[in-house]
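The exercises below are to be worked with the sequence and the structure in view. Each task is followed by a solution in steps.

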Amino acid sequence: MTTTLIDTAAHSAGHNDKLLLPHWAEIVKIIPEAEGVSTFHFRFTDPTVQNRYRFEPGQFNMLYVPGYGEAAISMSSDLETAGGLLVHTIRHIGNVTRATSRLKVGDVVGIRGPFGTSWPLEAIEGMDVVIACGGIGLPPLRGAIYRIIRNRARYGKITLLYGARMPKDLMFPAEYEAWQKADIDMQVTVDRGDDTWTGRVGVVPMWFYHFRVDPHKTAVLTCGPEIMMRFVIYEALARRIPSDQIYVSLERNMKCGQGACGHCQQGPYFICKDGPVFPFKALENIFNVEEY
Amino acid sequence: MTDSLDLKIALQMIPWFNSLTPEHFNKTAELTHLRHAKAGDIFFREGDKQDYVYIVLDGRVSLEIFVPHHGKVRFYTAEPFDVFGWSSVTPGMRQRTAGAMAVLDSTVACIDAEGLRNFAEIDHDFGYLLMRRLANVVASRLMVTRLQLIDMFAGPSEPIND
Amino acid sequence: MTDKTLFIGSTVALPKPELDLLLADLRKNDYQTVGPHMQDESIVYTKIEGLKDLPRGILSEQNPASYRMLQTDKDRYFDFIPANQSWKQFLFPPRHTLFSASKEGKWQLKENDEPAPRYALIGVRACELAAINIQDKIFLREDFSDPIYRSRREGLFIMAVNCLDPDATCFCVSMGTGPRHTAGFDLCLTELDEVFLVEVGSELGRSMLAERTYDLPSAFVQNAANQAMDRATRSMGRTMDTRDLPELLTTHLDADRWNVVSKRCLSCTNCTLVCPTCFCWDAVDQADILGKSTRRERVWDSCFNPNYSFVVGGNTRPNIRSRYRQWLTHKLGTWKAQFDVLGCVGCGRCITWCPAGIDITEEVAAIRAEVNS
């Protein structure tokens with residue numbers, strides 16, 4: 001492979017010698033977000049596991065609900081912000097994630113992880129950063145946002161483009177003011193507004209029409225529906241942002257997280273271990289191939 | 001500072017106006033006035049027959065349609081340098097198909113569309129530039145509408161059992 | 001007779017009844033001896049004790065979507081060409097319990113700590129050994145080592161057999177995997193009418209064979225074996241042009257041939273289940289009705305299953321066209337980037353067992369022709 005993929009080193013609670021064997025983690029807190037979406041805070045019941053667990057924003061865990069199975073869910077915070085807890089924002093939509101909606105504080109789930117690559121937050125230091133996300137694509141970037149805010153001086157202009165279906169579907173609205181105060185240009189867009197919505201109505205890629213970027217010092221981090229990312233990438237490339245400065249987080253069916261079970265393959269990659277975060281350069285030949 | 005100087009400085013901020021010849025620029029400026037709208041001010045309503053095309057200089061203007069049982073639906077907001085009310089530049093389209101309202105305090109360049117059409121008829125070079133610009137506006141609006149039509153954030157249409 | 005000159009690389013002539021004793025010795029050494037056996041008008045790989053369980057005098061006749069057994073009166077045991085089963089089932093079990101969990105107050109996990117069986121595989125063809133070597137690269141990697149596969153592979157005894165009578169669906173010569181073994185076995189048989197020629201491939205194989213009665217092979221016997229193997233090499237039923245295959249396939253994802261083949265493919269998953277290199281698996285929970293206990297299992301999966309590529313936003317490969325294309329471009333294309341080898345050994349199983357008779361060699365040739373036209 002000629003394209004360099006992201007190299008993420010993280011301590012793991014999942015790469016043991018026992019195939020798919022999870023560690024139990026207790027639910028410490030549940031925060032309802034938008035309709036059908038909640039954020040869970042977990043702590044491993046085994047303190048040894050809890051203490052050695054590290055991850056980088058952009059990585060994911062396999063969450064196991066006994067009797068239902070596993071689902072791959074991104075971390076939606078970072079350990080520093082969450083006081084060492086694991087934070088997952090879950091849309092209750094599949095078999096496993098619907099089962100999580102019935103869980104209460106004190107219940108346990110199994111967790112394996114972390115898996116996959118992370119947002120290249122060190123590689124993009126010194127650059128302007130456009131974070132373009134939509135729907136449930138914001139949670140996998142929130143940890144990166146926290147990390148950037150903590151090291152705000154190391155980055156240039158930061159713009160957060162965030163799209164959702166309706167104002168009521170927006171994730172984490174209570175935090176926007178703090179992010180704005182941290183000198184992040186918040187551009188929140190909905191597909192459809194009502195009388196009370198004074199923000200933008202349209203779609204995320206549209207932002208590129210109205211703002212100028214300096215292509216050589218701009219990095220794009222994008223996560224959301226693939227169709228949205230496709231148009232973000234079109235607009236970014238049209239503004240001559242190099243394809244190795246555009247980072248994409250892909251979603252595929254994942255069963256193992258270790259590049260073993262085969263489900264998440266796309267072209268030469270196992271999305272679970274070579275991704276989920278890729279420089280777009282590595283995806284150029286396969287990203288837009290229909291049903292590949 | 002006179003109003004007309006104010007207007008010209010404002011228009012020079014608009015990327016498209018930069019590419020006009022001085023003659024075309026001045027002619028367009030003659031057809032234009034600035035409007036400082038307060039949040040909530042209406043530019044036009046669905047069904048209106050007024051004849052302007054608008055460019056947002058500052059603020060935000062929403063386009064909305066009243067849908068029975070759903071109330072007012074905002075389907076687009078025009079951001080700075082966005083064009084709205086573009087259909088009045090095309091011949092034959094004289095009735096507004098949506099309403100436009102300032103959602104923030106906004107400064108908007110209002111261009112007399114009849115004047116633009118007449119000028120484009122007389123000076124086809126200008127007409128070409130105008131229509132080329134308009135085609136871009138319509139193309140980008142279509143792109144946005146398609147992505148909205150896809151309803152990309154909607155849940156799956158069938159229950160998921162995996 | 002113990003011959004002190006027996007060493008790795010030696011070839012001896014073993015009277016056929018001695019095979020029974022060799023298998024018995026393997027069992028004494030805690031191996032389960034598994035090999036070919038006639039069952040339900042087909043050949044399966046299952047527990048065998050000796051010659052009596054082997055398919056005596058059986059030939060097979062394989063064609064696209066067609067498998068027939070032919071009974072001859074020859075006193076030979078390995079003339080058939082393998083059927084739908086492969087050795088994959090022993091190293092990568094089709095169904096394996098990972099752990100069970102039960103809720104008594106809190107959820108408790110119980111690992112599956114059953115010891116791995118030690119298998120002696122009897123009658124492994126060169127293409128099949130090549131398939132095991134490919135699966136080694138998949139399951140035993142630096143960054144991921146599959147504990148189920150590893151525990152079975154480490155204790156494995158391989159008694160190979162050279163293929164002498166290839167079928168119409170065979171193309172191992174094209175894939176460079178057979179029909180003759182070169183390495184990677186403990187012992188390797190070449191069957192002649194009267195005796196087995198046995199080549200020693202490992203110290204373990206040498207020590208097992210050393211206990212048996214054998215002769216030095218006559219030049220006549222060796223010559224006969226070599227001729228039989230040369231004949232086998234020349235009588236492949238099919239060929240596949242492998243030049244630049246990964247590039248050919250991965251740069252023609254829009255070939256019209258994908259549409260053509262997708263009208264025939266039933267997406268039944270047969271090809272992936274019979275394929276000795278296909279490695280995809282799923283993990284499923286088998287829960288009791290009260291939700292108080294569950295067993296988590298690993299099961300074989302297939303890229304042809306509609307749920308295989310399912311994500312919440314929809315199925316990334318909703319059509320048969322995209323699934324067939326994924327299978328073929330992976331097996332003969334991106335597999336190379338992942339594991340530095342192609343995922344096909346030329347065994348022909350996917351051709352025989354496809355109910356629609358889709359022929360992988362024909363599909364590759366058609367794409368090549370389309371690209372070159």
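**Exercise 1. The end of a helix**

Which residue with a positive phi follows H1(C)?

Solution. The model is a predicted one. Go to the end of H1(C): the residue that follows is Asp30(C), and its phi is positive, near 70°.

**Exercise 2. The buried side of H1(C)**

List the buried residues of helix H1 of chain C, then decide how they are arranged around the helix axis.

Solution.
Step 1. Helix H1 of chain C covers residues 18-28, and its buried residues are Leu19(C), Leu22(C), Leu23(C) and Leu26(C).
Step 2. Look down the axis of H1(C): the buried residues fall within an arc of 95°, so they line one face of the helix.
Step 3. A general rule is of use here: an α-helix has 3.6 residues a turn, so residues three or four places apart point the same way.
Step 4. Now find what lies over these residues. The cover includes the strands E1 (11-15), E2 (32-39), E8 (119-124), E9 (157-161) and E11 (195-200) of chain C, together with helix H6 (203-210) of chain C.

**Exercise 3. An open sheet in chain C**

Give the order of the seven strands in the open sheet of chain C, and find which strands stand at its edges.

Solution.
Step 1. The order in chain C is E1-E11-E10-E9-E8-E2-E3, and the pairing is mixed.
Step 2. E1 and strand E3 (42-47) of chain C are at the edges; each has a single partner strand, so one side of each is left without a neighbour in the sheet.
Step 3. From one strand to the next, the twist averages 25°.
Step 4. Take the pair E1(C) and E11(C): five bridges join them, in the antiparallel sense. In this pair, Pro15(C) stands opposite Val195(C) of E11(C).

**Exercise 4. A hairpin in chain C**

How many bridges join strand E6 of chain C to strand E7 of chain C, and which residue is in the turn?

Solution.
Step 1. Strand E6 (residues 95-104) and strand E7 (residues 106-111) of chain C run antiparallel and are joined by six bridges.
Step 2. As one example of a partner, Ser102(C) has Gln108(C) in E7(C) as its bridge partner.
Step 3. E6(C) and E7(C) form a hairpin with one residue between them. The turn holds Gly105(C), with a positive phi of about 80°.

**Exercise 5. Two aspartates and their surroundings**

Are Asp183(A) and Asp244(C) buried or exposed?

Solution.
Step 1. Place Asp183(A): it lies in the loop between helix H4 (176-181) and strand E9 (184-190) of chain A. Its phi is positive, about 65°, although it is not a glycine.
Step 2. Count its neighbours against the cut-off: a residue is exposed if 12 or fewer other C-beta atoms lie within 10 Å of its own. Asp183(A) has 12 C-beta neighbours inside 10 Å and therefore counts as exposed.
Step 3. Place Asp244(C): it is found in the loop between helix H7 (219-234) and helix H8 (245-250) of chain C. It is not a glycine either, yet it has a positive phi of about 50°.
Step 4. With 10 other C-beta atoms within 10 Å, Asp244(C) is exposed.

**Exercise 6. Cis peptide bonds**

Where does Pro114(A) lie, and where does Pro179(C) lie?

Solution.
Step 1. The peptide bond from Gly113(A) to Pro114(A) is cis, with omega near 0°. Pro114(A) lies in strand E6 (residues 108-115) of chain A.
Step 2. The peptide bond from Gly178(C) to Pro179(C) is also cis, with omega near 5°. Pro179(C) lies in the loop between helix H5 (172-175) and strand E10 (187-191) of chain C.

**Exercise 7. Chain C as a whole, and its contact with chain A**

What radius of gyration does chain C have, and how many residues does each chain give to the contact?

Solution.
Step 1. Chain C has 13 helices and 15 strands.
Step 2. A compact globule of 373 residues would have a radius of gyration near 21 Å; chain C has 22 Å, which agrees.
Step 3. Of the 373 residues in chain C, 45% are buried.
Step 4. The contact takes 32 residues from chain A and 39 residues from chain C. On the side of chain A that touches chain C, 15 residues are nonpolar, ten polar and seven charged.

Notes: Residues are numbered from 1 along each chain as its sequence is written. Chains are lettered from A and ligands numbered from 1 in the order in which they are written. This is a predicted model: local features need pLDDT of at least 70, side-chain atom pairs count only at pLDDT 80 or more; totals for chains, interfaces and linings use all residues. Two residues are in contact if their C-beta atoms, placed from the backbone, lie within 7 Å. Ala, Val, Leu, Ile, Met, Phe, Trp, Tyr, Cys and Pro count as nonpolar, Asp, Glu, Lys and Arg as charged, and the others, Gly among them, as polar. Helices (H or I, at least four residues) and strands (E, at least two) are DSSP runs, numbered from the N terminus. The radius of gyration is taken over C-alpha atoms; the globule rule is 2.2 Å times the number of residues to the power 0.38. A residue is buried if 20 or more other C-beta atoms lie within 10 Å of its own, exposed if 12 or fewer, and partly exposed in between; C-beta atoms are placed from the backbone. The arc is that of the directions from the helix axis to the C-beta atoms. Two strands pair if DSSP finds at least two bridges between them. Axes are lines fitted to C-alpha atoms, for helices over the stretch in contact, and angles run from 0 to 180 degrees between N-to-C directions.
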